Every structure is written in C-alpha cells, then in structure tokens.
Amino acid sequence: MPRPIRVTVDPAAFRANYLRAKAAAPASRAWAVIKADAYGHGLLRCAKAAAPVADGFAMLDFAEAEALRAAGIDHPLLMLEGAFDAADTRLAGRLRLGLTVHDREQIRMLETESLDQPIEVFLKLNTGMNRLGFAPEQALALVSRLKGARNVANVTLMTHFARADDEAGIATQLARFDAACDSLNLPHSVANSAAILRFPEAARDWVRPGIMLYGGSPMPALASAESLGLRPAMHFESRLIAVQSLSPGEAVGYGGRFVAERPTRVGIVACGYADGYPRHAPTGTPILVAGRRTQTLGRVSMDMLACDITDIPDAAVGAEVVLWGRGLPADEVAAAAGTISYELFCAIAKRVPVSVTEAP
Ligand SMILES: *Cc1c(COP(=O)(O)O)cnc(C)c1O
C-alpha cells in the first residue's frame with residue numbers, strides 16, 4: 001500500500017477562481033499566472049481547466065511555454081521575466097510568446113535576432129519594487145526604440161506592485177507609472193491578485209491574477225479566501241499511522257519541543273517536511289483530524305508530524321487528516337508557520353501523489 005498521503009487538485013475551483021478574477025476586473029483581459037508549475041498545482045492540469053475561459057497564460061520558464069504549446073494550448077502566453085538569451089528570443093517568435101522586456105540586452109536581441117514573426121512586448125517599468133524594469137522616465141524613449149524593432153508587434157506597459165496586499169497599497173507606484181505612461185496611449189498591465197481585489201483603478205487592459213486562482217487569499221491579514229469568494233484548488237491530506245498516549249512531563253518528537261502538561265493522546269500523521277509541510281510550523285499549527293480542528297505538537301520531522309487528539313476520542317490509526325484545503329485554509333496554516341500560502345503550495349514534494357477531483 002502506498003503511504004496514505006496525497007494532494008487533490010480541483011480544476012473546477014481553479015476555473016471558478018479565474019472567473020472570480022474576471023468578475024473583479026470585468027473590462028480587463030486576465031493572464032492566468034501559472035508559473036512554478038501552476039504554484040505547485042500542475043501546469044497542464046490548470047491550463048486545460050481554464051482554457052475554455054482564459055484570455056491567456058503567464059509564466060517564466062520557457063520549457064513550461066513549450067509544454068503548453070505541445071499540449072495544444074493556443075492562447076496568448078506571456079513570459080514574465082522575458083528572454084534569458086537569444087535562443088529564447090527566437091523561440092518566442094516560433095511559439096508566439098509575449099515577452100516581458102526589462103533590460104537593454106533583451107531589447108538588443110529583439111533588434112538583432114531574426115524571428116519567425118513579430119511578437120507582443122510587455123515593457124516592464126520599475127515603479128518601486130526595485131527588482132526588474134526600467135525607470136519610468138525612460139518609457140518614452142524605450143517605446144519609440146521598440147516600435148522601430150522589426151520583431152516587435154505591439155507594446156504594453158507593465159509594472160508590478162510591492163505592497164498591494166498591505167496598508168501602503170499601490171498609490172505611490174501607480175502614480176509614478178501613470179505619470180510616465182498616460183501620454184503614451186498604450187495598453188497597461190499592472191495588477192496582481194491583491195490589486196485586482198482591492199484597487200479597481202489598477203484593472204487596466206490586462207490583469208495578472210496568480211495566488212487567487214489557487215484559492216489563496218492574496219492578503220490574508222485583511223480578508224480570508226472564503227470571504228473573497230475563492231475556493232481552495234488544492235486539498236492536502238494524509239492519515240494517522242500511530243497513536244501515542246503521553247503522561248504529563250513526557251515529550252514528543254525531535255528536541256522534545258512539546259511536553260505534555262496533562263494526559264495527552266497524540267496522533268502521528270504520515271506527513272513531514274520531505275512532503276512539503278513546513279518544518280518551521282510550531283506547536284499549535286492548525287490541522288484537521290477526523291474532520292475536527294486541532295493542532296500540531298512539537299517539531300515536524302522529515303516523514304511525520306504529531307498532533308493533539310486528546311479531545312477527538314474517536315480518532316484512531318487510519319483517521320483522515322487534512323493538512324490544508326477544504327475545511328482548513330492554507331492561509332491559516334501558513335500564518336501559523338510564519339509564511340504565505342504561495343510557499344506551501346509551491347513546496348509540495350515530488351513524492352506526494354497528485355490526483356484530480358472528479359467533476360461532481
Ligand atoms: C507572480 C506574478 C504575478 C501574480 O501575483 P499574485 O500575487 O500571485 O497574484 C503577477 N505579476 C507578476 C509579474 C508576477 O511575477
């Protein structure tokens with residue numbers, strides 16, 4: 001028998017969450033951001049689920065774009081970090097990939113390489129994130145240079161927000177963007193999930209929802225995924241493979257980090273950090289056992305973790321455990337572990353079997 005751990009991905013939830021993004025930005029087209037193997041949910045699985053309704057897909061690995069084209073996905077595709085070399089630039093022409101352009105070498109390649117067809121270019125402006133992009137003041141000159149490049153079909157102006165999910169918001173960055181871009185009369189793409197849901201003024205020609213498509217709240221400190229109308233696309237579950245009874249003073253796990261203060265029933269779950277569960281999740285991280293909410297105890301090991309089933313007397317070996325998903329938002333586990341749902345989703349390990357929720 002295989003280990004009882006598994007991930008189930010719900011393509012219908014992914015599609016519904018995409019439509020939720022579209023409803024929040026009804027006049028915009030939306031890139032479904034499926035980078036990093038669709039945030040750990042499976043690239044082709046998610047792309048196929050959303051294909052009937054999606055305007056396009058965004059990612060950054062050229063092998064992922066090739067996989068989509070090989071699977072017959074004919075939609076617009078956008079490469080979020082652009083070409084890494086000249087071969088990528090030529091591949092973009094062959095496969096009709098839109099390219100982000102964030103540095104001069106990428107422009108030079110568009111001017112000098114010979115492409116099968118002109119491609120869509122997304123000119124990335126750095127308005128305050130300070131990772132990628134040109135100073136907004138250079139936009140005018142760069143646009144005219146790009147318009148003169150024979151491999152460039154159209155130019156869209158793009159930026160990315162650093163704080164769309166917190167109290168700082170997007171006002172400063174959007175003002176810098178608009179000051180440089182208003183007069184250029186080109187399409188815009190600025191909003192990630194948090195901006196789509198919080199700032200309607202950021203819904204320009206193209207929006208770029210990512211985490212919300214997977215049912216994670218882009219701003220868990222402000223709003224739960226459920227309150228935002230998002231459904232979990234990933235359900236991560238396992239089972240109890242042992243039960244221990246601790247007397248007061250006894251400890252569980254490496255380092256003896258949890259010491260029982262009362263007689264405690266401990267459930268041992270077949271899930272550890274080698275499955276993608278965060279090792280730094282402390283005692284008290286929420287977990288569901290037999291449908292009841294309880295908490296983890298002690299350190300997470302490579303293949304196992306412990307939880308408190310003292311108050312779930314019917315929980316025995318074989319009891320169902322939900323690590324996150326339906327009934328336990330990944331955002332709550334992430335908050336307890338000091339991280340974000342994005343990281344939990346992306347960290348699901350190769351050894352965990354993934355299946356797909358059947359349509360009801
Ligand atoms: C990942 C990414 C997004 C999606 O961000 P979410 O917070 O997941 O919605 C949008 N734009 C760019 C450039 C990205 O890299």
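Where is Tyr39 found? Tyr39 sits in helix H2, and the close-ups below start there. This is a predicted model, in which local features need pLDDT of at least 70, side-chain atom pairs count only at pLDDT 80 or more, and totals for chains, interfaces and linings use all residues. Residues are numbered from 1 along each chain as its sequence is written, and side-chain values use heavy atoms, with hydrogens and water left out.

**View 1. Helix H2 holds Ala38 and Tyr39, each with a positive phi.** Helix H2 covers residues 35–39; helices (H or I, at least four residues) and strands (E, at least two) are DSSP runs, numbered from the N terminus. Ala38 has a phi near 55 degrees, a positive value in a residue other than glycine. For Tyr39, also not a glycine, phi is about 45 degrees. Ala38 is buried at 0% relative accessibility, and Tyr39 is buried with a relative accessible area of 6%. Here, buried means under 20% relative accessible area, exposed over 50%, and partly exposed in between (1.4 Å probe, protein chains only).

**View 2. Domain 1 (11–214) meets domain 2 (234–356).** These bounds come from an automatic or database domain assignment. The C-alpha centres of the two domains lie 37 Å apart. Eight residues of domain 1 are in contact with seven residues of domain 2, where contact means heavy atoms within 4.5 Å. Between them the domains bury about 730 Å², 73% of it on carbon and sulfur atoms; buried area is the accessible area (1.4 Å probe) that two parts lose on being put together, summed over both. Tyr39 returns in this view: along with Arg45 and Ile211, it is among the domain 1 residues that lose the most area to domain 2, the three together giving 56% of what that side buries. Zero salt bridges are counted between the domains, a salt bridge being a side-chain nitrogen of Lys or Arg within 4 Å of a carboxyl oxygen of Asp or Glu.

**View 3. Helix H8 (residues 171–181) has a buried face.** Gln173, Leu174, Phe177, Asp178, Ala180 and Cys181 are buried. Seen down the axis of H8, these buried residues fall within an arc of 165 degrees, so they line one face of the helix; the arc is that of the directions from the helix axis to the C-beta atoms. On the other side of H8, Ala171, Thr172 and Ala179 are exposed. The cover over the buried residues includes strand E7 (152–158) and strand E8 (188–189).

**View 4. Leu115 lies in the loop between helix H6 (104–112) and strand E6 (119–124).** Although placed in a loop, Leu115 counts as buried, at 12% relative accessibility. Leaving aside residues up to four places away in sequence, Leu115 touches Thr89, Arg90, Gly93, Leu110 and Asn151. From Leu115 to Asp205 there are 90 residues in sequence and 26 Å in space, C-alpha to C-alpha.

**View 5. Cys307 and Cys346 appear in a structure with zero disulfides.** A disulfide is taken as a pair of cysteine sulfur atoms within 2.5 Å. The closest cysteine sulfur to that of Cys307 belongs to Cys271 and is 11 Å away, too far for a bond. Cys346 is in no disulfide either, and its nearest cysteine sulfur, that of Cys46, is 11 Å away. Cys307 is buried, with a relative accessible area of 0%, whereas Cys346 is partly exposed, with 40%.
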